[in-house]
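Me: Please take a close look at one buried spot in this model, and then work outward from there. Short sentences are fine.

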Amino acid sequence: MTTSAIALHAPDPGSDDPGLIVRILAGDRIAARMLYDRHARRVHRLAYRICGDEELACDLVQDVFVRAFAQLATFRGESAFTTWLHRIAVTTALNSMRKVKRIREREEVLEDADAHAAPAREADPDLTARLHAAIDALPDGLRMTVLLHDLEGYTHAEIGTMLGVAEGTSKARLFEARARLRESLQDFRT
């Protein structure tokens, strides 16, 4: 590797997350864009895993960054910026999912009122579809723990920070969630 190649790959002292935050707080919009570009994909993936809807996940990413930039001055640096940002993402996504759930329940009530609805088709369920349904059926705390640990790869300490619970609580929730999923999918275990 040549000296000029090394110089091209040397990190900009102000381009790490803390450096970008300082620049953003000073009004640097380019730094805000850099921070967004760095983290938007992972926030989108997390939002999509929580809501399961591409369009809603894109909206959630925007909501998360609007809130994050509005609260950026309160970020104390006690945890990694990613952990702080993902906590905002989880909270935003869960709040949004509660709204969506209320709307869907109202829609289901209207659909149930239709006495002439077509009969539901009986189809052999696919394991993936059943797994998604079983995860969706978990209570919020269990579902979020499974998603963050088993799909996103966070540690129990990071999950505890994001969800505002103790590390041991995260472990207990994961244990219970996995037990419930095994029970829900036990007919696939042969």
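Reply: Start with the cut-offs: a residue is buried under 20% relative accessible area, exposed over 50%, and partly exposed in between. Keep in mind that this is a predicted model.

The spot to look at is Ala 177. Its relative accessible area is 0%, so Ala 177 counts as buried. Ala 177 belongs to helix α9, which runs over residues 167-184. What does Ala 177 touch, once its neighbours within four places in sequence are left aside? The contacts are Leu 138, Leu 142 and Val 146. Gly 141 gives a distance for this part of the fold. Ala 177 and Gly 141 are 36 residues apart in sequence, yet their C-alpha atoms are 9.1 Å apart in space.

Now the frame around that spot. The protein chain has 9 helices and 0 strands. Its pattern along the sequence is α-α-α-α-α-α-α-α-α. The chain holds 190 residues, and 34% of them are buried. Ala 177 is one of the buried ones. Take the contacts between residues at least 6 apart in sequence: 60% of these join residues at least 24 apart. The accessible surface comes to about 12,500 Å². Carbon and sulfur atoms account for 53% of that surface.

Stay with α9 for a moment. Glu 167 and Lys 171 form a salt bridge through their side chains, at 3.8 Å from N to O. Both lie in helix α9, 4 residues apart, so about one helical turn separates them. How accessible is Glu 167? It has a relative accessible area of 41%, so it is partly exposed. Lys 171 stands at 44%, and is therefore partly exposed as well. Ala 177, in that helix, has 0%.

Beyond α9, the chain makes another link. Asp 187 forms a salt bridge with Arg 130, with the closest N and O atoms 3.1 Å apart. This pair ties distant parts of the chain: Asp 187 sits in the segment after α9, Arg 130 in helix α6, and their positions lie 57 residues apart in sequence. Asp 187 is partly exposed, at 48%. Arg 130 is partly exposed too, at 22%.

In total, the structure holds 11 salt bridges. One of them pairs the side chains of Arg 45 and Glu 152, at 3.3 Å from N to O. Where do the two partners sit? Arg 45 is in helix α3, and Glu 152 is in the loop between α7 and α8 (156-163). They are 107 residues apart, so this pair also links distant parts of the chain. Arg 45 has 36% relative accessibility, so it counts as partly exposed. Glu 152 has 7%, so it counts as buried. That puts a buried charged side chain opposite a partly exposed one. Arg 49 joins in: salt bridges that share partners connect Arg 45, Arg 49 and Glu 152 into one network.

Arg 49 leads on to the pockets. The largest pocket has about 530 Å³ of space. Its lining counts 20 residues, and Arg 49, Ile 50, Cys 51, Asp 136 and Arg 143 lie nearest the centre. Which helices each supply at least two lining residues? They are α3 (29-51), α5 (81-112), α6 (127-137) and α7 (140-151). The top contributor is α5, with 6 residues. By class, the lining splits into 11 nonpolar, 2 polar and 7 charged residues.

The second largest pocket holds about 250 Å³. It is lined by 15 residues, with Phe 75, Arg 76, Ser 79, Trp 84 and Arg 87 closest to its centre. Here α4 (54-71) and α5 each supply at least two. Again α5 gives the most, with 6 residues. The classes are 3 nonpolar, 8 polar and 4 charged. Helix α5 thus tops the lining of the largest pocket and that of the second largest.

Back to the starting point. Ala 177 is buried in α9, in contact with Leu 138, Leu 142 and Val 146. At residues 167 and 171, α9 also carries a salt bridge between partly exposed partners.

Definitions and conventions:
Residues are numbered from 1 along each chain as its sequence is written. This is a predicted model: local features need pLDDT of at least 70, side-chain atom pairs count only at pLDDT 80 or more; totals for chains, interfaces and linings use all residues. Side-chain values use heavy atoms; hydrogens and water are left out. Buried means under 20% relative accessible area, exposed over 50%, partly exposed in between (1.4 Å probe, protein chains only). Contact means heavy atoms within 4.5 Å. Accessible areas come from the Shrake-Rupley method with a 1.4 Å probe; for residues, only the protein chains shown count as cover. On a 1 Å grid over the protein atoms alone, a cavity is a set of points where a 1.4 Å probe fits but cannot get out, and a pocket is an open set with protein on both sides within 12 Å along at least five of seven lines; lining residues have an atom within 4 Å of a point. Grid points are joined across faces, edges and corners, and a volume is the space filled by probe spheres set on the points. Ala, Val, Leu, Ile, Met, Phe, Trp, Tyr, Cys and Pro count as nonpolar, Asp, Glu, Lys and Arg as charged, and the others, Gly among them, as polar. A salt bridge is a side-chain nitrogen of Lys or Arg within 4 Å of a carboxyl oxygen of Asp or Glu.
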